[in-house]
Amino acid sequence: MNLAQSQLQAARDAGAADYDPVDLGFAQEKFQQAQAAMADRKYDLAADLAEESRADAELARVKANLGAARAKIQSKMNANADLREQGAQAAAAAAAEFAKPLPMPATAGSAPTPAGSGALPPAAPVEDMPAPSATVLAPPSSGQGFETVPAQNPPSNNGGQNSNETQGFQPAGGQP
C-alpha cells in the first residue's frame, strides 16, 4: 500500500493530472478499492489492487514525463522557427540593402556631402591609360630576370666558371 501511495504521489508530481488523467484516475480508483479491501480484512485482494494501482500510477508518471518532454520539444521548435524567421528577415533586409545602387559621386557643381553622412568621397575621373611603350614591353636583356633553362657551359669572361655559379642563379637585383 505504501509503494502504491508513493507511486501515486510521484505521478501527481510529474504532472499526470495534465498529461495522463485517465491512467492517474485508474490508479487512484484502484488505490481506494485496495484501502476498502484492507478495511474489510481482505488482504490478498488489497495487495492485488495496490499492485495494480502502483502499476497504473507508474504508467501515468511515465506518460506525464513523456508529455512534459514533448511540450519542451515543441516549445524549442517554436523558438527555433521564430529565430529562423528573424534570420530570414535579416538576410532579406541585408540583400535588399546590398542590391541598392551606390550613390553617384558629387559633381563639381553639386554641394559637398557632410562629413559622417556615410556617403563615399567623390571619385577621381577615370581616364583611358595609354599603352606602354615598346621599350617596356621588350624582352629583358641578358642577365636580367630569371633564366628558364640554365645554360650548360656558356662562354663567359670569368675564367671558365659557370655563369650560374657566379651569379648564384638569382634574378637581377634579387635577394640571395
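How far apart should the 19 residues of H3 place its end C-alpha atoms at 1.5 Å a residue? The span should be 27 Å, and the end C-alpha atoms are indeed 27 Å apart, so the two agree; the expected span of a helix is taken as 1.5 Å times one less than its number of residues. The model is a predicted one, in which local features need pLDDT of at least 70 and side-chain atom pairs count only at pLDDT 80 or more, while totals for chains, interfaces and linings use all residues. Residues are numbered from 1 along each chain as its sequence is written, and side-chain values use heavy atoms, with hydrogens and water left out.

Overall, the protein chain has six helices and zero strands, and from the N terminus on its elements run α-α-α-α-α-α. Helices (H or I, at least four residues) and strands (E, at least two) are DSSP runs, numbered from the N terminus. Buried residues make up 15% of the 176 residues, where buried means under 20% relative accessible area, exposed over 50%, and partly exposed in between (1.4 Å probe, protein chains only). About 13,800 Å² of the protein chain is exposed, with carbon and sulfur atoms supplying 58% of that area; accessible areas come from the Shrake-Rupley method with a 1.4 Å probe, and for residues only the protein chains shown count as cover. Among the contacts with a separation of 6 or more, 58% come from residues 24 or more positions apart, contact meaning heavy atoms within 4.5 Å.

Confidence varies along the chain. The average pLDDT (the predictor's confidence in each residue, from 0 to 100) is 79, and 62% of the residues score at least 70. Helix H3 has the highest mean, at 95, and helix H6 (residues 163-167) the lowest, at 49. Over residues 162-167 the pLDDT is below 50, and this stretch has 13 contacts in the model beyond near neighbours in sequence. Where pLDDT is low, the predicted coordinates should not be read in detail.

Back to H3 (21-39): its buried residues are Asp23, Leu24, Ala27, Phe31, Ala34 and Ala37. They cover an arc of only 140° around the axis, which puts them on the same side of H3; the arc is that of the directions from the helix axis to the C-beta atoms. Val22, Gln32 and Ala39 are exposed on the other side of H3. The cover over the buried residues of H3 includes H1, H2 and H4. Just after H3 comes arginine 41, with a positive phi of about 65°, even though it is not a glycine. Arginine 41 sits in the loop between H3 and H4 and is exposed, with a relative accessible area of 64%.

Helix H1 (residues 2-13) tells a similar story: its twelve residues reach 16 Å from first C-alpha to last, close to the 16 Å expected. Ala4, Gln7, Leu8 and Ala11 are the buried residues of H1. Seen down the axis of H1, they fall within an arc of 105°, so they line one face of the helix. Asn2 and Asp13 are exposed on the face of H1 turned away from its buried side. The buried residues of H1 pack against helix H2 (16-19), helix H3 and helix H4 (43-99). Glutamine 7 is buried, with a relative accessible area of 17%; leaving aside neighbours within four places in sequence, glutamine 7 is in contact with Arg54, Ala57, Glu58 and Arg61. H1 is followed by glycine 15, whose phi is positive, near 95°.

The largest nonpolar core has 13 residues, and Leu8, Ala11, Ala16, Leu24 and Ala60 touch the most other members. H1, H3 and H4 are the elements giving two or more residues to this core, and H4 gives the most, with five. A nonpolar core here is a set of buried Ala, Val, Leu, Ile, Met, Phe, Trp, Tyr and Cys residues joined through side-chain atoms within 4.5 Å. Not counting residues up to four places away in sequence, alanine 16 touches Ala11, Pro21, Leu24, Ala60 and Ala64.

Tyrosine 19, in helix H2, counts as partly exposed at 39% relative accessibility. With residues up to four places away in sequence left out, tyrosine 19 touches Ala14, Lys63, Ala64, Gly67, Ala68 and Ala71. Tyrosine 19 and alanine 60 are 41 residues apart in sequence, yet 8.1 Å apart in space, C-alpha to C-alpha.
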